[in-house]
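Okay, thanks everyone for squeezing in. I've got one model to walk you through today, so have a look at it while I get going.

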Amino acid sequence: MPRRERNKFVKKNQVLELKIEDYAFGGKGIARIHSEEGSFVIFVPNTLPGQLVKAQISKSSKKYAEAKLIDVLQPSEDEVAVPYQDIPGAPYIQLPIDLQHKYKQESTLSLFKRIGKVENIEDLFDEFVKSPNAFHYRNKMEYGFSAIGYDRINKTDKDEFTLGFKRRGVWWMGDNLEKDSGLFDKQLEDNLKNIREYCKATGLEPWHGPRKTGFFRYFVVRKSFKTDELLCNLVTTSPELENFDLDKFAKFLKDIFGDRLAGLLHTINDETGDRTIATAGKLDLVYGKDKIVEELLGLNFEISMKSFFQTNPKCAEKLYSKVVEYVLEDKDKVDNTVVMDLFCGTGTIGQIVASKSENAKIVGVDIVASAIEDAKKNAKRNNIEGLQFYAADVGKFLIAHPEYQNKIKTIILDPARAGIAPKTLKKIINLNADRMVYVSCNPATQARDTELLREAGYQMKKISLVDQFPHTSHIETVVLFEK
């Protein structure tokens, strides 16, 4: 067996200071090591051109290496001061939003050119859809308790009761959120330190990651932009529960948030794994109600703690409007026909299409049974006719229902981040629809699927980008394919 050639430039786990020179898709900064033997590329996620960073090599090959960001030693000249606490979930919050859009657009379109082989991608580009709120746009946040905190001055860990976010790349270390992060609800986040002090005063321990012991685990909050209400969920372990007064905690929250507090739930999670809600966890209502209502494009959606729902509802309206615009561009292929809504989640897109078309029948399919239950309830609540939802694997559903072949003119696709499995995509292609509107939260997998679709006779007609998550590397795409 030939010996693997060793990398001459870097070793695994090596810590380096790197100057970021360029930006690649997915928020990866590009650094280069220059030597007599040539130039070697290192990708560092969550970094920007112009920054000097400290990073650790996580993997390397002959052609390039990937590194984990440890710290930003010097900011980029493009960055500006913001009045928010920095958190791992918003690595680009100090970069002006117009520059964020520029980086996202250039890197995403070049991805379709390179992976999807769409040479004329600039000609097909339709629109960059901005988030209506650049700040405070999220409707859900999960804050973790930890017995190991972060000393921001000495840049080391310390034993401390913390409530906030994990340090980037360090699963066992928490970092106290002392004030508004600029992403979620300002009143809630400005009061998180008071919630932390209340819990600390009980004498009960926060979760200790390495030891897998402790009482307090998570504090999860959902917000309705329609009603401005907050729905809270305290996640703890079960030992020592008799020493914590849940009703008193609900009163404490009520005193802070008043009528904004829609309800408090309590979840028991005794699993050692690092998930917010345990598979077998018990979810109890302590105070108020267990659901809030959100509105999207005039339709109402009931959201529980476990519901899947778009994280940025104001921008989701823009995303769905763009999808519906592409779907209804040729109404003859929607009105009085069956439209397939595959990977439909809670069925939002299908419901909007049904409400804006003439006698269209929507068939929604998703593997997540709880999402399909929510879809059925929401359709009933909004009095929308012509909707059928099935909890099933998309590929298996299409095998079990050959009657749809050659009968569908329009397909809506909205898969998870992993994209569409090639076998499933072939089954979708076999439906022989005239057109597909493909929504993606991961353009890399969509660009890969674009090549398969082209080979099957589907040409990309137009593409729009939607910035659902400002200050992060994420971007959503809406693409119209036609035969």
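I'll start with the overall picture, then a record annotation, then three helix pairs.

So, first thing: this is a predicted model. Counting secondary structure, you get 11 helices and 22 strands in the protein. How does the radius of gyration sit against a compact globule? For 483 residues, a compact globule would come out near 23 Å, and the protein has 24 Å, so the two agree. If you want a box for it, the C-alpha atoms fill roughly 70 × 65 × 50 Å along the principal axes.

Now the annotation. UniProt, in an unreviewed entry, lists residues 9-71 as "domain: TRAM". In the model, that stretch is 68% strand and 0% helix. From one end of residues 9-71 to the other, the C-alpha atoms are 21 Å apart.

Right, helices. Let's take H1 and H11. H1 is residues 97-114 and H11 is residues 443-455, and their axes come within 8 Å of each other, crossing at roughly 30 degrees. Anything under 35 degrees goes down as roughly parallel, so that's what we call H1 and H11. The crossing is right-handed. Who's touching whom? On the H1 side you have Thr-108, Leu-111 and Phe-112, and they meet Pro-443, Ala-444, Gln-446, Ala-447 and Thr-450 from H11. Split that H1 and H11 contact by class and you get five nonpolar residues, three polar, and no charged ones.

H11 has another partner to show you, and that's H10, residues 422-430. Here the angle is about 40 degrees and the axes are 11 Å apart. That makes H10 and H11 oblique to each other, therefore not in the roughly parallel bin. H10 goes past H11 in a right-handed crossing. The residues doing the work are Pro-422, Leu-425 and Ile-429 on H10, against Asp-449, Leu-452 and Leu-453 on H11. In that H10 and H11 contact, five residues are nonpolar, one is charged and none is polar.

Last pair: H6 and H7. H6 covers residues 313-327, H7 covers residues 348-356, and the axes come within 10 Å. They cross at roughly 50 degrees, so H6 and H7 are oblique as well. And the handedness of H6 on H7? Right-handed. From H6, the contact uses Tyr-320, Val-323, Val-324 and Val-327. Across from them, H7 brings Thr-348, Ile-349, Ile-352, Val-353 and Lys-356. By class, the contact between H6 and H7 comes to seven nonpolar residues, one polar and one charged.

To recap the angles while you've got the model up: roughly 30 degrees for H1 with H11, about 40 for H10 with H11, and roughly 50 for H6 with H7. That's my bit, over to you.

Definitions and conventions: Residues are numbered from 1 along each chain as its sequence is written. This is a predicted model: local features need pLDDT of at least 70, side-chain atom pairs count only at pLDDT 80 or more; totals for chains, interfaces and linings use all residues. Side-chain values use heavy atoms; hydrogens and water are left out. Axes are lines fitted to C-alpha atoms, for helices over the stretch in contact, and angles run from 0 to 180 degrees between N-to-C directions. Helices (H or I, at least four residues) and strands (E, at least two) are DSSP runs, numbered from the N terminus. Angles under 35 degrees count as roughly parallel, over 145 as roughly antiparallel, 65 to 115 as roughly perpendicular and the rest as oblique. A crossing is left-handed if the near helix is turned anticlockwise from the far one by less than a right angle, and right-handed if clockwise. Contact means heavy atoms within 4.5 Å. Ala, Val, Leu, Ile, Met, Phe, Trp, Tyr, Cys and Pro count as nonpolar, Asp, Glu, Lys and Arg as charged, and the others, Gly among them, as polar. UniProt positions are given in the numbering used here, feature names are shortened, and annotations may be inferred rather than shown by experiment. The radius of gyration is taken over C-alpha atoms; the globule rule is 2.2 Å times the number of residues to the power 0.38.
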